[in-house]
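User: Please walk me through this model. I would like short questions with reasoned answers.

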Amino acid sequence: MTQVAVCGPADCTPDEAAAARAVGRLLAERGAVVLCGGYGGVMAAAAAGARRAGGVVVGILSGRDRTGSSRDLMVVIPTGLGEARNALLVRAADAVIVVGGSWGTLSELALARRGDTPVITLGGWRILDSAGEPVPGPVPAADPADAVRLALA
């Protein structure tokens with residue numbers, strides 16, 4: 001079974017939340033397990049989209065307990081690791097879809113790429129080299145359907 005992490009900011013825009021919900025739904029409809037950080041914003045939106053489509057949603061939490069976790073998670077894994085949980089999240093994934101951007105999201109993107117996990121971006125971070133050229137690795141998607149297609153390819 002394919003596991004796809006959906007990463008993005010806890011404080012997201014309405015458009016980012018809508019995109020994350022669509023990504024979660026589309027992943028669930030295609031039988032993928034949705035992994036996320038388990039809290040609000042993009043994480044909660046992806047969890048809601050996947051759960052409403054009958055999918056499996058796993059939250060890998062930074063805290064030591066379930067406090068503040070999304071109600072749409074089916075499996076909740078409190079780690080007590082703080083931001084270090086980002087490494088667990090992306091290492092457990094076969095692909096990562098990044099919706100929007102925050103510093104935590106950037107760390108997830110970088111950790112995924114360091115581990116050779118495919119990263120698909122939907123808005124948010126664009127990583128450029130010193131010449132202003134896109135760094136190879138993250139693949140931009142046009143919309144949620146394109147992001148899911150790329151993640152499952």
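The turns below cover cores, a covered helix, side-chain pairs and surface features.

User: What kind of model is this, and which pLDDT do local features need?

Analyst: This is a predicted model, where side-chain atom pairs count only at pLDDT 80 or more, totals for chains, interfaces and linings use all residues, and local features need pLDDT of at least 70. Residues are numbered from 1 along each chain as its sequence is written, and side-chain values use heavy atoms, with hydrogens and water left out.

User: Which helix supplies the largest share of the largest nonpolar core?

Analyst: A nonpolar core is a set of buried Ala, Val, Leu, Ile, Met, Phe, Trp, Tyr and Cys residues joined through side-chain atoms within 4.5 Å. Buried means under 20% relative accessible area, exposed over 50%, and partly exposed in between (1.4 Å probe, protein chains only). The largest core has 31 residues; Val-6, Val-23, Leu-27, Ile-97, Val-99 and Leu-122 touch the most other members. Elements that each supply at least two of its residues include strand E1 (3-7), helix H2 (42-52) and helix H5 (144-152), but the largest share, seven residues, comes from H1.

User: How are the helices and strands defined here?

Analyst: They are DSSP runs, numbered from the N terminus. A helix (H or I) needs at least four residues, and a strand (E) at least two.

User: Which residues does Val-23 contact, leaving aside neighbours within four places in sequence?

Analyst: Contact means heavy atoms within 4.5 Å. Val-23 is one of the residues that touch the most other members of the largest core. Its contacts beyond those neighbours are Val-6, Ile-97, Leu-122, Pro-144 and Val-148.

User: How many of the 11 residues of H2 are buried?

Analyst: The buried set in H2 includes Val-42, Met-43 and Gly-49. The buried residues of H2 pack against E1, H1, E2, E3, helix H3 (85-91) and E5. H2 is mostly covered, and the count of buried residues is eight.

User: Is Gly-41 buried or exposed?

Analyst: Gly-41 is found in the loop between E2 and H2. Not counting residues up to four places away in sequence, Gly-41 touches Pro-9, Ala-10 and Cys-12. The C-alpha atoms of Gly-41 and Ala-17 are separated by 6.4 Å, although these residues are 24 apart along the chain. Because its relative accessibility is 19%, Gly-41 counts as buried.

User: What is the angle between the planes of the aromatic pair?

Analyst: Rings of Phe, Tyr and Trp (its six-membered ring) pair if their centres lie within 6.5 Å; planes under 30 degrees apart count as stacked, over 60 as edge-to-face and the rest as tilted. The structure holds one such pair. Trp-103 and Trp-125 form it, at 5.4 Å centre to centre, and it is tilted, with a plane angle of 50 degrees.

User: Why does this pair tie together parts that are apart in sequence?

Analyst: Trp-103 is exposed, at 69% relative accessible area, whereas Trp-125 is partly exposed at 24%. Trp-103 lies in helix H4 and Trp-125 in the loop between E6 and strand E7 (139-140), so the parts tied together are apart in sequence by 22 residues.

User: Which residue forms a salt bridge with Asp-146?

Analyst: A salt bridge is a side-chain nitrogen of Lys or Arg within 4 Å of a carboxyl oxygen of Asp or Glu. The count comes to two. One joins Glu-29 and Arg-25 at 3.3 Å, N to O. In the other, Asp-146 has its closest N and O atoms 2.6 Å apart from its partner, Arg-149.

User: Is Asp-146 buried or exposed?

Analyst: Asp-146 and Arg-149 are three residues apart in helix H5, so about one helical turn separates them. Arg-149 counts as exposed, at 52% relative accessibility. With a relative accessible area of 17%, Asp-146 is buried.

User: Where is Asp-116, and what is its phi?

Analyst: Asp-116 lies in the loop between helix H4 (103-114) and E6. Asp-116 is exposed, with a relative accessible area of 62%. The residue is not glycine, yet its phi is positive, near 60 degrees.

User: Which phi does Gly-54 take?

Analyst: Gly-54 comes just after H2. Its phi is positive, at about 85 degrees.
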